[in-house]
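Me: I'd like to practise reading features off a model, one at a time. Could you take me through it?

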Amino acid sequence: MFIGCFTGMFNGVRQYLATGILFAGFHYVPQKKFFKWLIIVLIASSIHITAILMLLVYFICNVKCNFVTIILYFVFAVILLLYIIVLFRILLIGRKSPTNRGAILCYGIAAYIFLHITVNLLGIMGLIPMTGVPLPFMS
């Protein structure tokens, strides 16, 4: 199946092993025992690095949600998806540019828009203070 490549075969095994460790320790999330969950995630991420993303599960599962909050998260996800599409399109144009000047210009524009999006959305989520930076294409 993998034509003798052991690395391809073991990647799936590592991923399933890390997932099993995460499932075994998931009961710490509803109990709100963050440090025990952190240890479980670190053990699982030592086997497969993508398990580190499961740290977000603790914070997502402990958020009190009502219908309005779910709608706001959905709108936030749609807006973020649209911005990601625009940024990838700009980066693709820069990659296909025949000159270095055009590529650098596209990469600079993408970095500028990404910085504005990041600062604005982190301010909206309350992770950093609001700075008055407008959200591109919205404000």
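Me: Let's begin with aromatic rings. Which residues form one aromatic cluster here?

Reply: Keep in mind that this is a predicted model. The idea with a cluster is to look for rings that join up through pairing. Here Phe 34, Phe 35, Tyr 58 and Phe 59 make up one such cluster.

Me: How far apart are Phe 59 and Phe 34 in sequence and in space?

Reply: They sit 25 residues apart along the chain, while their C-alpha atoms are 9.3 Å apart. Phe 59 belongs to helix H3, and with a relative accessible area of 49% it is partly exposed.

Me: And the geometry of Phe 34 and Phe 35, what kind of aromatic pair is that?

Reply: For pair geometry, you look at two values, the distance between ring centres and the angle between planes. By that rule the model has 5 aromatic pairs. One of them links Phe 26 and Trp 37: it is edge-to-face, with 6.0 Å from centre to centre and 85° between the planes. This pair ties together distant parts of the chain, with Phe 26 in the loop between helix H1 (6-24) and helix H2 (34-47), and Trp 37 in helix H2, 11 residues apart. Phe 34 and Phe 35 are edge-to-face too, at 5.7 Å centre to centre and 65° between the planes.

Me: Of those rings, which are buried and which are exposed?

Reply: Trp 37 is buried, at 0% relative accessible area, whereas Phe 35 counts as exposed because its relative accessibility is 63%, over the 50% cut-off. Their partners are intermediate cases: Phe 26 is partly exposed at 33%, and Phe 34 is partly exposed at 24%.

Me: Trp 37 makes me think of cores. Which residues make up the largest nonpolar core?

Reply: The general idea is that in soluble globular proteins, nonpolar side chains tend to be buried together. In this model, the largest nonpolar core has 12 residues: Ala 18, Leu 22, Tyr 28, Val 29, Trp 37, Ile 40, Val 41, Ala 44, Ala 51, Leu 55, Val 57 and Tyr 58. At least two core residues come from each of H1, H2 and helix H3 (55-61). H2 supplies the largest share, 4 residues.

Me: Let me zoom in on one member. What is Ala 51 in contact with, leaving aside neighbours within four places in sequence?

Reply: Ala 51 is in contact with Ala 18, Leu 22, Val 41, Ala 44 and Ser 45, once those neighbours are set aside. There is also another core lying apart from this one, of 9 residues, including Ile 90, Ile 113, Ile 117 and Leu 121.

Me: Ser 45 is on that contact list. Is Ser 45 buried or exposed?

Reply: Ser 45 counts as buried, since its relative accessibility is 11% and the cut-off is 20%. Ser 45 is in helix H2, and it touches Ala 51 and Ile 52, not counting residues up to four places away in sequence.

Me: I'd like a second polar example. Where is Asn 120, and is it buried or exposed?

Reply: Asn 120 lies in helix H5 (residues 100-125). Its relative accessible area of 9% makes it buried. Apart from neighbours within four places in sequence, Asn 120 contacts Val 133, Pro 134 and Leu 135.

Me: Now the outside. Which residues form a nonpolar patch on the surface?

Reply: For a patch, you look for nonpolar side chains that sit together at the surface. Phe 67, Val 68, Ile 71, Leu 72, Phe 74, Val 75, Val 78, Leu 81, Leu 82 and Ile 85 form one, with about 1000 Å² of accessible area together. Take Phe 74 as a member: it is in helix H4 (residues 67-95) and is exposed, at 57% relative accessibility.

Me: What about Phe 88, where is it and how far is it from Ala 110?

Reply: Phe 88 is in helix H4 and counts as exposed, at 58% relative accessibility. Phe 88 and Ala 110 are 22 residues apart in sequence, with 8.4 Å between their C-alpha atoms.

Me: One last thing, the backbone. What is the phi of Lys 32?

Reply: When you check phi, a positive value on a residue other than glycine deserves a look. Lys 32 has a positive phi of about 60° although it is not a glycine. Lys 32 is in the loop between H1 and H2, and it is partly exposed, with a relative accessible area of 49%.

Terms used:
Residues are numbered from 1 along each chain as its sequence is written. This is a predicted model: local features need pLDDT of at least 70, side-chain atom pairs count only at pLDDT 80 or more; totals for chains, interfaces and linings use all residues. Side-chain values use heavy atoms; hydrogens and water are left out. Buried means under 20% relative accessible area, exposed over 50%, partly exposed in between (1.4 Å probe, protein chains only). Contact means heavy atoms within 4.5 Å. Patches are made of residues with over 30% relative accessible area and no salt bridge: like charges are joined within 9 Å, nonpolar side chains (Val, Leu, Ile, Met, Phe, Trp, Tyr) within 5 Å. Accessible areas come from the Shrake-Rupley method with a 1.4 Å probe; for residues, only the protein chains shown count as cover. A salt bridge is a side-chain nitrogen of Lys or Arg within 4 Å of a carboxyl oxygen of Asp or Glu. Rings of Phe, Tyr and Trp (its six-membered ring) pair if their centres lie within 6.5 Å; planes under 30 degrees apart count as stacked, over 60 as edge-to-face and the rest as tilted. A nonpolar core is a set of buried Ala, Val, Leu, Ile, Met, Phe, Trp, Tyr and Cys residues joined through side-chain atoms within 4.5 Å.
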